[in-house]
Amino acid sequence: MENFLLLGICFGLGLLFRRLPQFPENTPKVLNGFILFVSLPSLVLYHVHELKINISALMPTSMPWLVFGFALVFFLILYKLKIMTFPTTVCLVLTAGLGNTSFVGFPLLETYLGKESLGYGILADQLGTFMVLSFPGIILASIAMDGKWDIVTLVKRVLGFAPIYALVFAILTRQIEYPNSLKIVLLRLGDTLTPLALVSVGFMLDLRTIAGHGKYLLIGLGFKLVLAPILVYYVYRPIQNDQLLFQTILLESAMAPMVTSTVITIEKNISPHLASLMLGIGIPLSFLTTYCLNFLIKGNFI
């Protein structure tokens, strides 16, 4: 409940700040810069360093890669059919192809499946969603931003993504115990990610733009909240005897668009209004769709 309240307050603040002269038009850009250079690297340094990895990590970790690959194929086909432009295609791949497996995902997992599911959820988020964003996600965003495939430029873009350095450092220092004081600092800095991101998206959110993006919004959210879980269900059905693992993977695949990928899409000016609508409408809508999915799971309908 606290997370949902925080979500509503931060969206509301973003909408309010948009109307106050004290907050200029570039406010989202400043907030997004702090998120990408401070908040997200702090979370990566803490969680990747602390992560316990074993053979069971392969299943939840693979799900975000599968969904992203499915999204890439699905939306590129629509692009080839001239149903949408390339920037719109990339925007939907980055928002509908990556899920909010942490901020929204963790509280909902705990509510629906209990604390025991959080271990699988963390693996899906850190080794799945974040890794997809850091490599193929950033490469795709760079191609859309530059309008061409240039390997030198792509390498520079990936190396310019600050969380990459945090990821490498966290992996290299896994055998070294962080001081408790450092862990506390990293967690507190990381805690700023969601509030700032939601304020930024709220600032950008303009429901009047639905008229121009309604079709793409429907396609994007239909993929993220309905098609992706259906695909995941059929792919991972062979492991459904491990009930907790299967249900965790299925629910995580049904989460709303990822906050960080939306921030990057907006920051790189790739259909920013559509991206903010995907997140702003997708998160509250996902509460209903995941509730229905959990009901189907618990009722043994699937």
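This short talk walks through a predicted model, from its nonpolar core out to its surface and loops.

Let me begin with the interior. The largest nonpolar core of this model contains 90 residues, and the residues with the most contacts inside it are F75, F161 and L251. The element that gives the most to this core is helix α6, residues 118–146, with eleven residues. As general background, nonpolar side chains in soluble globular proteins tend to be buried together.

I turn now to L251. Which residues is L251 in contact with, leaving aside its neighbours within four places in sequence? They are L109, Y112, L113, T290, L293, N294 and I297.

The next residue is V201, which is placed in helix α10, residues 193–204. V201 counts as buried because its relative accessible area is 0%. Not counting residues up to four places away in sequence, V201 touches F11, T262, I266, S276, L279 and G280. I would also draw your attention to V201 and G14: 187 residues separate them in sequence, while their C-alpha atoms are 6.9 Å apart in space.

Let us move to the surface. L5, I9, L13 and L16 make a nonpolar surface patch of about 350 Å². One of these residues, L13, lies in helix α1, residues 2–17. Is L13 buried, exposed or partly exposed? Its relative accessibility is 32%, and L13 therefore counts as partly exposed, since that class runs between 20% and 50%.

I close with three loop residues. The loop between α4 (86–96) and α5 (105–113) holds N100. Although N100 is in a loop, N100 counts as buried, because its relative accessibility is 3%. Leaving aside neighbours within four places in sequence, the contacts of N100 are G105, M255, A256, P257, M258, V259 and I283.

The second loop residue is K82, found between α3 (58–80) and α4. The phi angle of K82 is near 65°, which is a positive value in a residue other than glycine. With a relative accessibility of 76%, K82 counts as exposed.

The third is N269, located in the loop between α13 (259–267) and α14 (272–298). Here too phi is positive in a residue other than glycine, with a value near 60° for N269. N269 counts as exposed, because its relative accessibility is 61%.

To summarise the loops: N100 is buried, whereas K82 is exposed and N269 is exposed. Thank you for your attention.

Key:
Residues numbered from 1 in each chain as written. Predicted model: local features only at pLDDT ≥ 70, side-chain atom pairs only at ≥ 80, totals over all residues. Heavy atoms only, no water. Core = buried A, V, L, I, M, F, W, Y, C linked by side-chain atoms within 4.5 Å. Buried < 20%, exposed > 50% of the residue type's maximum accessible area, 1.4 Å probe, protein only. Helix = DSSP H or I, 4+ residues; strand = E, 2+ residues; numbered from the N terminus. Contact = heavy atoms within 4.5 Å. Patch = residues over 30% accessible without salt bridge, like charges linked within 9 Å, V, L, I, M, F, W, Y side chains within 5 Å. Areas by Shrake-Rupley, 256 points an atom, 1.4 Å probe, with all protein chains shown as cover. Salt bridge = Lys/Arg side-chain N within 4 Å of Asp/Glu carboxyl O.
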